[in-house]
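Q: Please take a close look at the cysteines in this model. Then add some detail on the helices.

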Amino acid sequence: MPYDFDTLIQAGSMSGSSAIIVMDDSTDIVEALANIAEFYAHESCGQCTPCREGSLWMSKALHRLTHGAGRAQDADYLVKIADNIPGGRTICAFGEACSWPVQSFVAKFKDEFIAKGAADEERRAKEVKDAGPNLEKKLAVSSPH
């Protein structure tokens with residue numbers, strides 16, 4: 001497919017900032033987006049609240065997802081943040097640019113975000129359940145009463 005604005009729009013995509021990232025099917029999509037979001041959070045000048053806070057919140061949510069503390073609802077949370085940055089709320093186009101990858105990745109790969117968050121929730125629930133009897137014993141031993 002030719003790489004020009006009109007052809008990409010007809011294909012249901014867009015050029016964005018015209019950067020191209022090539023990934024194969026072994027790439028962890030959530031990790032890839034976390035890397036992009038971290039870049040945008042770092043590069044935000046901080047002048048506009050939606051961009052300054054939104055880019056940081058998206059980066060933090062993706063950090064949770066990539067470090068075992070994700071939640072199944074993080075995909076929707078990310079989109080909610082990303083949708084509240086653009087639309088004339090920022091001085092420059094950087095805010096829109098930082099929201100596009102999140103909107104695009106989650107729209108195309110939402111199942112992967114949900115699965116990663118749900119797996120983290122299940123693992124944490126199992127850890128709490130397994131720690132339950134031991135936790136009760138620890139509390140009984142350490143309790144002054």
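A: What follows covers the cysteines, then one helix, then one alanine.

This is a predicted model.

Start with the disulfides. The structure holds 0 of them. A disulfide needs two cysteine sulfur atoms within 2.5 Å. The sulfur of cysteine 51 has its closest cysteine sulfur in cysteine 98, at 4.5 Å, so the two are too far apart for a bond. Seen from the other side, cysteine 98 is in no disulfide either, and its nearest cysteine sulfur is that of cysteine 51. Are these residues buried or exposed? Cysteine 51 has 5% relative accessibility and counts as buried. Cysteine 98 is also buried, with a relative accessible area of 3%. The cut-off for buried is under 20%.

Now helix H2. H2 runs over residues 29-43, which makes 15 residues. From first C-alpha to last, H2 reaches 21 Å, close to the 21 Å expected at 1.5 Å a residue. At the start of H2, aspartate 28 makes a contact: one of its side-chain oxygens comes to within 2.9 Å of the backbone nitrogen of valine 30. Val30 is itself among the buried residues of H2. The others are Ile29, Ala32, Leu33, Ala34, Ile36, Ala37 and Tyr40.

Last, alanine 115. This residue lies in helix H5, residues 94-142. Alanine 115 has 45% relative accessibility, so it counts as partly exposed. Alanine 75 is 40 residues away from alanine 115 in sequence. In space, the two are 9.8 Å apart, C-alpha to C-alpha.

How values were computed:
Residues numbered from 1 in each chain as written. Predicted model: local features only at pLDDT ≥ 70, side-chain atom pairs only at ≥ 80, totals over all residues. Heavy atoms only, no water. Buried < 20%, exposed > 50% of the residue type's maximum accessible area, 1.4 Å probe, protein only. Helix = DSSP H or I, 4+ residues; strand = E, 2+ residues; numbered from the N terminus. Expected span 1.5 Å × (residues − 1). Polar contact = N/O pair within 3.5 Å; in protein donor to acceptor, adjacent residues only side chain to side chain.
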